[in-house]
Amino acid sequence: LCRQTELFMEEARVFVFENYCRIHHKIDLATLGEKLAMDRERAERWIVDLIRNALLDAKIDSEEGCVVMGSGSVSIYEQVMDRTKELTS
C-alpha cells in the first residue's frame, strides 16, 4: 500500500481539480495549489500539463494568477445540428 501513495495522490489531485473546474469558472492558483498539496509554481506546472494532456478547455492567466475555464455551453447552431441528425437517423 505504501508503494501506491504517489499514484493515489496523483489521482486525488485530478479528482479535486475536476471538481473545482465543474464548480468554478475562475480558480486562484494559490488556492488550488493549497487544495492539491502543492506550492503555487508546482501546481501551475501540473495544471499546464493536465490541460495539455487532457485537452481541457482552460487557460492560465499569469497576470491574475488563476485558471480560467472555457465555457462548456453548446452553441444554438450545434444544438440544432445535433437534433437534426437525430431526426434523420
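**Surface, fold and one buried arginine**

Q: How much area does the protein chain expose?
A: This is a predicted model, where local features need pLDDT of at least 70, side-chain atom pairs count only at pLDDT 80 or more, and totals for chains, interfaces and linings use all residues. Residues are numbered from 1 along each chain as its sequence is written, and side-chain values use heavy atoms, with hydrogens and water left out. Accessible areas come from the Shrake-Rupley method with a 1.4 Å probe; for residues, only the protein chains shown count as cover. Carbon and sulfur atoms supply 55% of the exposed area, which is about 7,000 Å².

Q: Which pattern does the protein chain follow along the sequence?
A: Helices (H or I, at least four residues) and strands (E, at least two) are DSSP runs, numbered from the N terminus. The protein chain has four helices and three strands. Their order reads α-β-α-α-β-β-α.

Q: Which residue stands opposite Asp-61 in strand 3?
A: Strands pair if DSSP finds at least two bridges between them. Four bridges join strand 2 (residues 58-61) to strand 3 (residues 66-69), and the two run antiparallel. Opposite Asp-61 stands Cys-66.

Q: Which residue in the hairpin turn has a positive phi?
A: Strand 2 and strand 3 form the hairpin, with four residues between them. The phi is about 70°, and the residue is Gly-65.

Q: Which side chain of opposite charge is nearest to Arg-13?
A: Arg-13 is found in helix 1 (residues 5-23). Arg-13 is buried (under 20% relative accessible area, 1.4 Å probe, protein chains only). Arg-13 has no salt bridge (a side-chain nitrogen of Lys or Arg within 4 Å of a carboxyl oxygen of Asp or Glu). At 4.0 Å, the nearest side chain of opposite charge (Lys and Arg count as positive, Asp and Glu as negative; His and the chain ends are not counted) is Glu-6.

How values were computed: Buried < 20%, exposed > 50% of the residue type's maximum accessible area, 1.4 Å probe, protein only.
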